[in-house]
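Trainee: Could we go through this model together, one question at a time? I would like to practise reading a structure from its parts.

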Amino acid sequence: MSRPMRERGLQLKIADTGDEFDRIARLNYATFVEEIPQHQSNPDRALVDKFHRENTYFIAKDGEAIVGMLALRNQRPFSLDAKLPDLDAHVLPGESLCEIRLLAIEPSHRHSRVLRELFRALFAHCVAQGFDRALISGRLENIPLYTKLGFEPFAEPVGSEGARYQPMYMTRATANRNLRTLPVRAAMEAAPAGARHCFLPGPVALHPEVEAALRHPVYSHRSARYATLLDATKERLRALAQTQAVEVLVGTGTLANDVVAAHIARLGSKGLIVSNGEFGERLLAHAQGFGIPHVAHQLPWGQAIQPDAIAQRLHDDPDIRWLWCVHCETSTGQVNPVEAIQAVCDARQVLTHVDGISALGVLPCDWSRARMASAVSGKGLGALTGLALVFYNPALLEPPTPAPHRPLPAYLDLHSYARKQGQPYSGSSLLLEALASALRRPQAPRGAARAMWGDWLEPRLLQLGVHLVVQGAARSPGVFTLALPDGVSSQALGDALLDAGLECSYASGYLLQRNWLQICLMGEVSQAGLALLCEHLAQHLE
């Protein structure tokens, strides 16, 4: 049974008993047969909606009597589809839609708080379900009332004589502005995974097709089905990164970089690690953990790497035989010029290694000349977190003279994966299904959409007076790092955004230390979510 929400004696709840459904049918009849001539009369004086089994009913009860109701439905076709054949022309592609219907309030309660409380309860549910836009058909004489609630008209009126309706909609941003007392945090805590607007660098909001892949039955990583899917997935990954080989491991980006570090250690030579952010610093920590001889080329966070400076370092120190750098520095959004760095290394026969964890699926990637590169399933590729990806050039993987006493840990040894066709150890069929589903989605439209949203967002952020650590072409289209002004706490702002259903990155130690907040467009993004985000940022920054 649903838990009721009481407002000073008025009980708001989702209908879930036979008696409540009977009372709903009688209120439906009184409103849409006797008061509004929309349906034929019947001797039972009860009207069961044609979508009854698909409706979620929000009811207001005064004692046992139902004094008001609303119905919500999210399955197409909507009732409005039958009245407005071009409905899709009035909404944005990819939006999650619902339709509000059957608003009925007993005459004795029409000048009370029942209407507002019904909409508050309904919108709390919509937040939990992650809807971007709610549609409604408002009676023409009630347009001022719906407008006051936050609905906006679109299209021409529909319906028959005596029952004319104006198609209207409400977005999450509008609803949040007009219904500020909505208990969003409670709704979010009860929300299913992915219901909030997610602007994290990972995990990311998943496309419905990817979520559907997670509902496949689990099957063995030793099965022919798994082997076939793994081969197809690796082929798509190789094409995306323009590499000759890739292995898929159960793990995170840290594991992927441990694999790279383990194979660098086998070279037995000194290298150069380039760092201009948190994740460049982590490469240095990987090297230290494996006892790898190296020197560091460290720059201020947010400063671009200059290939000429790298060339000078290699010229000054001919003992450097390999280089490791980050393609996209997640901490700042800085895109490093890996192709130019690769050319510098090629000219001096220096092996390159790339941390591409926040680049793959977001930026064009050509790692064909690199010895190794790391990536993950759960960022720009739009799949579930949990798979580490290691790309490599087989001809460069084996060092000319392996360092003595450097046996590789079994799980980090790419040779074992190659010998076993990529399946030497246990794998997750669901994680692989999700990654395969994400890779089957065309990458070009996703990239174009991300660029469009980024171009829309950047000037609005600058108008709010925040400083972007990296701006313009040097910034990844998937990462906005905001250096907040004095007096604005990144933790307090991040908490407030979370209360409004907007999950941004701010809780990492390096972000808290610098009072930075990040907005990332790695996963699925909607216009409604971005508009709501900008609105809340304006409230806290102006």
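Mentor: Gladly, and two terms come first: a contact means heavy atoms within 4.5 Å, while helices (H or I, at least four residues) and strands (E, at least two) are DSSP runs, numbered from the N terminus. This is a predicted model, in which local features need pLDDT of at least 70 and side-chain atom pairs count only at pLDDT 80 or more, while totals for chains, interfaces and linings use all residues. Residues are numbered from 1 along each chain as its sequence is written, and side-chain values use heavy atoms, with hydrogens and water left out.

Trainee: Thanks! What percentage of the residues of the protein chain count as buried?

Mentor: Start with the outline: the chain has 19 helices and 23 strands, and its C-alpha trace spans about 95 × 55 × 40 Å along the principal axes. Buried means under 20% relative accessible area, exposed over 50%, and partly exposed in between, with a 1.4 Å probe and protein chains only. Of the 542 residues, the buried share is 55%.

Trainee: And among contacts between residues at least 6 apart in sequence, what percentage join residues at least 24 apart?

Mentor: Here each contact is sorted by how far apart its two residues are in sequence. Among contacts between residues at least 6 apart, the share joining residues at least 24 apart is 71%.

Trainee: Let me look at helix α8. What span should its 18 residues have?

Mentor: The expected span is 1.5 Å times one less than the number of residues. For α8, residues 224–241, the end C-alpha atoms of the model agree with that expectation, because both the expected span and the separation come to 26 Å.

Trainee: Which residues of α8 are buried, and where do they lie around the helix?

Mentor: They are Tyr 226, Leu 229, Leu 230, Thr 233, Lys 234, Leu 237 and Ala 241. Seen down the axis, they fall within an arc of 135° (taken from the directions from the helix axis to the C-beta atoms), so these buried residues line one face of the helix. An α-helix has 3.6 residues a turn, so residues three or four places apart point the same way. The place asked for is therefore one face of α8.

Trainee: Which exposed residues sit on the face turned away, and which elements does the buried side pack against?

Mentor: The face turned away from the buried side carries the exposed residues Ala 224, Thr 228, Glu 235 and Ala 239. On the buried side, the packing partners are β11 (245–250), β19 (387–392) and α15 (429–440).

Trainee: How far apart in space are Glu 433 and Leu 230, C-alpha to C-alpha?

Mentor: Glu 433 belongs to α15 and is buried, at 6% relative accessible area. Beyond its neighbours up to four places away in sequence, Glu 433 touches Ala 213, His 216, Tyr 219, Arg 225 and Leu 229. Glu 433 and Leu 230 are 203 residues apart in sequence, yet their C-alpha distance is 9.0 Å.

Trainee: What follows α8, and is that residue buried or partly exposed?

Mentor: The residue is Gln 242, with a positive phi near 55°. Gln 242 sits in the loop between α8 and β11. At 44% relative accessibility, Gln 242 counts as partly exposed.

Trainee: Which strand gives the most to the lining of the second largest pocket?

Mentor: A pocket is an open set of points on a 1 Å grid over the protein atoms alone, where a 1.4 Å probe fits, with protein on both sides within 12 Å along at least five of seven lines; lining residues have an atom within 4 Å of a point. This one holds about 840 Å³ and is lined by 35 residues, with Phe 32, Ile 36, Leu 102, Leu 103 and Tyr 165 nearest its centre. With 7 lining residues, the top contributor is β5.

Trainee: Leu 102 caught my eye. What is its phi?

Mentor: Leu 102 lies in strand β5 and is buried, with 12% relative accessible area. Its phi is positive, in a residue other than glycine, and lies near 60°.

Trainee: Last one: which residue follows Gly 202 across a cis peptide bond?

Mentor: The omega of that bond is near -5°. The residue lies in the loop between β10 (197–199) and α7 (208–213), and its name is Pro 203.

Conventions
Grid points are joined across faces, edges and corners, and a volume is the space filled by probe spheres set on the points.
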